[in-house]
Amino acid sequence: MRALHADTGYLLYRLGLRSGQLFNTSLQESGLRLRHYAVLRFLATTEGALQRELSARLGYDPSAIVGLVDDLEKLGFAERRPAPEDRRSRIVVLTEDGRAFLRDTDQAGQRVTDELLTPLDPAERDTLHALLLRVAGNGLA
């Protein structure tokens with residue numbers, strides 16, 4: 001039987017869990033979690049998105065997206081607006097307060113990454129990032 005850490009997929013899974021734990025800890029003060037942050041980060045790359053698009057792109061259940069967007073709206077970080085091409089639909093848009101929150105969390109995110117990747121030198125970190133981008137490009141939205 002192979003050792004547990006001989007399985008690359010398992011290692012990626014465990015590192016993802018650890019990264020999420022560290023990031024959730026850094027977000028704890030704001031009352032948000034990594035899932036909220038992911039929605040905000042995605043919205044920062046668009047002019048707005050339908051909730052079903054957020055669900056598909058982030059891999060979250062549609063019912064979870066509703067709650068996440070509700071939370072973000074209560075904090076003033078996102079808002080639902082009529083979709084320009086179909087007034088019956090609503091898009092979720094990042095607000096200025098949401099953009100400010102993301103700017104404020106950039107340093108916390110970098111600290112999490114630094115803690116997680118402590119054993120790697122800067123060149124190794126760049127290589128790891130490039131490799132992960134390549135793997136993510138193969139089926140990860």
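Begin by selecting Arg80 and Asp70, whose side chains form a salt bridge with the closest N and O atoms 2.9 Å apart. Arg80 belongs to strand 2 and Asp70 to helix 4, so this pair ties together parts that are 10 residues apart in sequence. Add Glu73 to the selection: Asp70, Glu73 and Arg80 are linked in a network of salt bridges. Asp70 has a relative accessibility of 30% and therefore counts as partly exposed. The model in the viewer is a predicted one.

**The whole chain**

Now show the entire chain as a cartoon. It has 6 helices and 3 strands. Followed from the N terminus, the elements run α-α-β-α-α-β-β-α-α. Taken along the principal axes, the C-alpha atoms fill a box of roughly 55 × 30 × 25 Å.

With the surface displayed, the accessible area of the chain comes to about 9,700 Å², and 54% of that belongs to carbon and sulfur atoms. The chain counts 141 residues, of which 28% are buried. Among the contacts with a separation of 6 or more, 46% are accounted for by residues 24 or more positions apart.

**Leu27, at the end of helix 1**

Select Leu27 next, in helix 1, which spans residues 8-27. Is Leu27 buried or exposed? Its relative accessible area is 2%, so Leu27 is buried. To see what surrounds this side chain, display Leu32, Arg33, Leu34, Tyr37, Phe101 and Thr105, which are in contact with Leu27 once its neighbours within four places in sequence are left aside. A distance may also be drawn from Leu27 to Gly109: the two are 82 residues apart in sequence, and their C-alpha atoms are 9.2 Å apart in space.

**The aromatic pairs**

The structure holds 3 aromatic pairs; two of them are visited here. For the first stop, select Phe23 and Tyr37, which form a tilted pair with 4.6 Å from centre to centre and 50° between the planes. This pair links distant parts of the chain, with Phe23 in helix 1 and Tyr37 in helix 2 (residues 34-43), 14 residues apart. Phe23 is buried, and so is Tyr37.

Move on to Phe77 and Phe101. How many degrees lie between the planes of these two rings? The angle is 25°, the centres are 4.8 Å apart, and the pair is stacked. Phe77 is found in the loop between helix 4 (62-75) and strand 2 (78-83), whereas Phe101 is in helix 5 (residues 96-116); the pair thus links distant parts of the chain, 24 residues apart. Both Phe77 and Phe101 are buried.

One further ring deserves a view. Select Tyr60 together with Arg35: the charged end of Arg35 sits over the ring of Tyr60, at 4.2 Å from its centre.

**Further salt bridges**

The structure holds 8 salt bridges in total. Besides the one at the start of the tour, select Glu115 and Arg18, which form a salt bridge whose closest N and O atoms are 3.7 Å apart. Glu115 is in helix 5 and Arg18 in helix 1, a link between distant parts of the chain, 97 residues apart. Glu115 counts as partly exposed because its relative accessibility is 46%; Arg18, with a relative accessible area of 37%, is partly exposed.

Then select Asp114 and Arg125. Their side chains meet in a salt bridge of 2.9 Å, N to O. Asp114 lies in helix 5 and Arg125 in helix 6, so the pair ties together parts that are 11 residues apart in sequence. Asp114 counts as partly exposed at 31% relative accessibility, and Arg125 counts as partly exposed at 21%.

**Helix 6 and the surface**

Continue to Asp126, in helix 6. With a relative accessible area of 57%, Asp126 is exposed. A distance drawn from Asp126 to Gln21 spans 23 Å, C-alpha to C-alpha, for two residues that are 105 residues apart in sequence.

For the last stop, select Leu132, also placed in helix 6 (residues 122-136). Why does Leu132 count as partly exposed? Its relative accessibility is 39%, and the range for partly exposed residues lies between 20% and 50%. Add Leu12 and Leu128 to the selection: with Leu132 they make a nonpolar surface patch of about 230 Å².

Terms used: Residues are numbered from 1 along each chain as its sequence is written. This is a predicted model: local features need pLDDT of at least 70, side-chain atom pairs count only at pLDDT 80 or more; totals for chains, interfaces and linings use all residues. Side-chain values use heavy atoms; hydrogens and water are left out. Helices (H or I, at least four residues) and strands (E, at least two) are DSSP runs, numbered from the N terminus. Buried means under 20% relative accessible area, exposed over 50%, partly exposed in between (1.4 Å probe, protein chains only). Contact means heavy atoms within 4.5 Å. Rings of Phe, Tyr and Trp (its six-membered ring) pair if their centres lie within 6.5 Å; planes under 30 degrees apart count as stacked, over 60 as edge-to-face and the rest as tilted. A charge sits over a ring if NZ of Lys or CZ of Arg is within 6 Å of the ring centre and within 35 degrees of the ring normal. Patches are made of residues with over 30% relative accessible area and no salt bridge: like charges are joined within 9 Å, nonpolar side chains (Val, Leu, Ile, Met, Phe, Trp, Tyr) within 5 Å. Accessible areas come from the Shrake-Rupley method with a 1.4 Å probe; for residues, only the protein chains shown count as cover. A salt bridge is a side-chain nitrogen of Lys or Arg within 4 Å of a carboxyl oxygen of Asp or Glu.
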